[in-house]
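Got the model open in your viewer? Let's take a short walk through it, one selection at a time.

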Amino acid sequence: MEQIIVTRKDGATSYPIVSRQSFRAITSARQSFKLLGEDVVSMTVESTDVIPFRIGDYITVFGRMYTLNRLPEMTKAGANRYTYNVEFEGIAYEMTRAIYELSIDTTNNQLQDVQGDSLTGDLRRFASVIVSNMNRVFPGKWVLGTCPESETNDVTLSFGESDNCLAVAQTLCEQFNVEMDIAFNATTGIRTLNFMDKVGTTLDMVFKYGRGGGLYQL
């Protein structure tokens, strides 16, 4: 894994996790990403001094942003030896912090004094409400990117008071048969929400197993 630099929430300061001066080392690290599911970086860090982790610290790994949403578990193994089990969460977890408010005005991201528990529209209409709610909680950080035109008529969906934006996005993927991806611009901090027919790239590689195939198991 590449050298990992931790940046403070305000983006003004940063510090490396690995440091020869402080005898810090990452003894294990794992990035786990599943489409519409888990997206975390978990690591174990050993250090001779206290590492100043803070809520809101973030890292960038292979072009993806991960944020520290809870302080790591710390074990003091000796007078000058500390072990940290730390987990950084992907951008999608931000979407759990914003409720899918139907009363949002998508032009100014402000809530209106209206009632309702259902919304009628196409994928873009529902996705625009997600982005507005995200900007209500994280001002100026979210935009809507790719969003295919629906091939069917508008649909009506109902939502509860506890439905967050991530849960709604997953529902939209099932309803409109699309996949979701969030692109992060490390320079501007902008998160771009994309809905596509297929996320990722199909590779033309051929793998074989068995006698003469090269692999023992697929």
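**Start with the whole chain**

Show the surface first: the chain exposes about 13200 Å² of accessible surface, and 47% of that belongs to carbon and sulfur atoms. Keep in mind that this is a predicted model. Of the 218 residues, 38% count as buried. Now switch to a cartoon, where you will find two helices and 17 strands. If you draw contacts between residues at least 6 apart in sequence, 58% of them join residues at least 24 apart.

**Select the three-stranded sheet**

Next, pick strands 12, 14 and 15, which form an open sheet in the order 12-15-14, with mixed pairing. Which strands stand at the edges? They are strand 12 (142-144) and strand 14 (179-184); each has a single partner strand, so one side of each is left without a neighbour in the sheet. Turn the view and follow the twist, which averages 25 degrees from one strand to the next.

Zoom in on strand 14 and strand 15 (residues 191-196), an antiparallel pair joined over six bridges. Within this pair, show isoleucine 182, which stands opposite leucine 193 in strand 15.

**Add the helices**

Select residues 123-137 to bring up helix 1, which packs on the sheet and touches strand 12 and strand 15. The direction of helix 1 makes about 170 degrees with that of strand 12.

For the last stop, select residues 165-176: this is helix 2, lying across strand 14 and strand 15. Helix 2 runs at about 135 degrees to strand 14.

How values were computed:
Residues numbered from 1 in each chain as written. Predicted model: local features only at pLDDT ≥ 70, side-chain atom pairs only at ≥ 80, totals over all residues. Heavy atoms only, no water. Helix = DSSP H or I, 4+ residues; strand = E, 2+ residues; numbered from the N terminus. Buried < 20%, exposed > 50% of the residue type's maximum accessible area, 1.4 Å probe, protein only. Contact = heavy atoms within 4.5 Å. Areas by Shrake-Rupley, 256 points an atom, 1.4 Å probe, with all protein chains shown as cover. Pairing = 2+ DSSP bridges. Axes fitted to C-alpha atoms, helices over the stretch in contact; angles between N-to-C directions.
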